[in-house]
Protein chains: 2
Amino acid sequence: MALIVQKYGGSSVADAEKIRNVARRIGRGRASGNDMVVVVSAMGHTTDELLALAQQMTSQPDEREMDVLLSTGEIVSSTLMAMALKSDGYPAVSLTGMQAGILTDSRHSKARIKSVDPQRIRGELEKGNVVIVAGFQGVTDGMDTTTLGRGGSDTTAVALAASLGAAVCEIYSDVEGVLSADPRIVPDAVKLSKIGYEEMLELATYGAKVMAPRAVELGQVYDMPILVASSRSDAPGTLICREDLMEIRNRVSGIAQDTNVAKITVAGVSDHPGTAQSIFVPLAEANVSVDTIVQNAGSDGVTDLTFTVVRSDLAKALSIVKGVSQELGTDRVVSDETLAKVSIVGTGMQNSPGYAAKMFQTLYKEDINIQLITTSEIRITCIISEARAEDAVRALHRAFEVEFRQSVQD
Amino acid sequence: MALIVQKYGGSSVADAEKIRNVARRIGRGRASGNDMVVVVSAMGHTTDELLALAQQMTSQPDEREMDVLLSTGEIVSSTLMAMALKSDGYPAVSLTGMQAGILTDSRHSKARIKSVDPQRIRGELEKGNVVIVAGFQGVTDGMDTTTLGRGGSDTTAVALAASLGAAVCEIYSDVEGVLSADPRIVPDAVKLSKIGYEEMLELATYGAKVMAPRAVELGQVYDMPILVASSRSDAPGTLICREDLMEIRNRVSGIAQDTNVAKITVAGVSDHPGTAQSIFVPLAEANVSVDTIVQNAGSDGVTDLTFTVVRSDLAKALSIVKGVSQELGTDRVVSDETLAKVSIVGTGMQNSPGYAAKMFQTLYKEDINIQLITTSEIRITCIISEARAEDAVRALHRAFEVEFRQSVQD
């Protein structure tokens, strides 16, 4: 008899019929003798409807009140799920985030979980109940409702799985798992059977929107395996888990892309200490997140400094950079917002120079110019023209396809 | 600086514009320097929509889950009200029943308030907040959400007013106060400026659906004056309060009617001990509520026993009574479901025989036959043909009209 923690996303509980389908799924798990703790999101468009209501009251709704308002969406779906289970003959009880013991800080709309007190859940499991937990929410020390922000329900599920000592945390949505590339670009993208936490983080950050990065991070911290699968099929899904060091696969797991990229280059700045901080401190103060930064010092005492931002921040970033550029002895500030990032992600690539070479060669053969290159332990990223991004992803997927197929056979 | 507790019903907060209107009303109270605690119902049709959702899951939704589901309706309106107030510049905070300290028993769907711990509300008032409380709900010792059933939000308001020591509890809805009769029958019904708790209970029970009787009872127990008024006007409304014994008005306050009445007569039963219990014990066991009971013992050792039930219970009651009638030595069981109750309500009528005489005389002049008569300390009720009920109400209102006018001048 295992303890299973599952999470079902908004599209899996979008209407009464879907909720009843999911209830049958949960019932099967219970009938097999498992203890079941199930986290649910709000039904389909509920959150949007609640946001619209708040907007009708005021253009700037109070965050504390907004959290209470939005939290009702998950409470509604949790009670409906419990009703459906009971009507199928499975004792069940819904719990709010507060009742489930999810204690958070008080940063409304983006609270972080401080701790989980699983006492109430344990008690309900001992009574034989399936426990349905309203996702996305918690409570402060002062008994005020908070919401966890983006990816909140995934985070609820992983936190509960960790605190209850579950064997695995199962995340169900309308995707069948983690694919080797975006299927809209690469129709024959391969579903991975397994991926490491860090690889998953790189894929997610770079555009494979399967699971909230913070939930993956939490899984990594608590070494909690996360199964990502479809609520509409019994296909096996993808297991996100620790890479066993003994078996580093030295292999590409997937191709990621991100087209929300703009580049700023400050050319001909003098190469001395303080240059970087004079640009990046004002940007940080203006709340502009800078992503990739590349500086190439030449031999003539001047250097080009290039960095990327998300496109919506470009105008603000440019005005700041132009403001400080004269102090830096240059007025050559140029920008380009028609760029994309394309990455190959995989554990152990750092130790195998062949991957970078193969990536660059593949892009060269497609006549795709590389503007910037950055690498991490498990990722090689090229910034290229947005117009060629999909060609690049398809070419790279073909080039590394054998490796994805191997992964599936693991 | 007074502490004012207000309650706004579902039709007063039915949409965004109405919520903003009510917020302005609350804001005016706050701007006058009062501490404000405001109880809100769910928006318009929210409760019906949530009930429909539950019905889509199962025809017999679990009561514990239903309570959690329904409680979200009031939570939503409370947060929207707090947002509207904040946007008008008044610091405000919404509290759930649990946060407001409303502790109940665990009879889901019809919980009773056990106690109120006003600590959190006091703290928020001290911080200068207007406190918006989600009505209709509470929490058990075990931290489970309950709902208070019919009239729940009125009850929340009166309980909070009592526990906070407010000077008055103001109940706002879409009626302007308590009228001397149903205005659909008596177009020139008079709004009463003042009415006693017991008079109000008689009027409410007999069909003047202005305020939940249990909330009136709670007001009576704690001697909390309740002002019933319209949320759409500044008209003064009706104050429900203790009748000062020194000033018993000896006066009719209103005319009530109820057409949901059926009568059963068991004729010719032998007049000995045990007759009544042999009929009413089986009815009680079948959960049939019996209202008026009249027995007229004759001199020949037999008696007629007549009682009334609500119409939906008539068939069930008849089959039970016919089953036991033979044991009682009779088979003369007759029923009539085309009846109505008409009552005059007023303190001190008991000591003034003139009221009953005037009532009977008025009905006689209208050629309305009286089938049954019952009286309480503050009420005289006649059961008559349903077809003549409205004529009776209008005639009685005319007959006692001078007294209503006097009441308004108090």
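Here are a few notes on this predicted model, going from the overall build of chain A to one helix pair and then to the two copies.

1. Overall build. Chain A carries 12 helices and 18 strands. Along the principal axes, its C-alpha atoms take up a box of roughly 75 × 55 × 35 Å. The radius of gyration of chain A is 24 Å, which agrees with the value near 22 Å that a compact globule of 410 residues would have.

2. Packing. In chain A, 47% of the 410 residues count as buried. Looking at contacts with a separation of 6 or more, 74% of those in chain A join residues 24 or more positions apart.

3. A helix pair to look at. Helix α5 (residues 152-164) and helix α7 (residues 213-221) of chain A have axes that come within 8 Å and cross at roughly 10 degrees. Angles under 35 degrees count as roughly parallel, so that is what α5(A) and α7(A) are. On the α5(A) side you'll find A:Asp154, A:Thr155, A:Val158 and A:Ala159, and they meet A:Arg214, A:Ala215, A:Leu218 and A:Gly219 of α7(A). By type, the residues of this contact split into four nonpolar, two polar and two charged.

4. The two copies. A turn of 180 degrees with a shift of 0.0 Å along the axis lays chain B on chain A, with an RMSD of 0.1 Å. That is the relation of a two-fold axis. Within chain B, the residue that comes closest to the rotation axis is B:Thr72, with its C-alpha at 2.8 Å. Both copies use the same surface, as 100% of the contact residues of chain B recur in chain A.

Key. Residues are numbered from 1 along each chain as its sequence is written. Chains are lettered from A and ligands numbered from 1 in the order in which they are written. This is a predicted model: local features need pLDDT of at least 70, side-chain atom pairs count only at pLDDT 80 or more; totals for chains, interfaces and linings use all residues. Helices (H or I, at least four residues) and strands (E, at least two) are DSSP runs, numbered from the N terminus. The radius of gyration is taken over C-alpha atoms; the globule rule is 2.2 Å times the number of residues to the power 0.38. A residue is buried if 20 or more other C-beta atoms lie within 10 Å of its own, exposed if 12 or fewer, and partly exposed in between; C-beta atoms are placed from the backbone. Two residues are in contact if their C-beta atoms, placed from the backbone, lie within 7 Å. Axes are lines fitted to C-alpha atoms, for helices over the stretch in contact, and angles run from 0 to 180 degrees between N-to-C directions. Angles under 35 degrees count as roughly parallel, over 145 as roughly antiparallel, 65 to 115 as roughly perpendicular and the rest as oblique. Ala, Val, Leu, Ile, Met, Phe, Trp, Tyr, Cys and Pro count as nonpolar, Asp, Glu, Lys and Arg as charged, and the others, Gly among them, as polar. Copies are superposed by least squares on the C-alpha atoms of residues with pLDDT of at least 70 in both.
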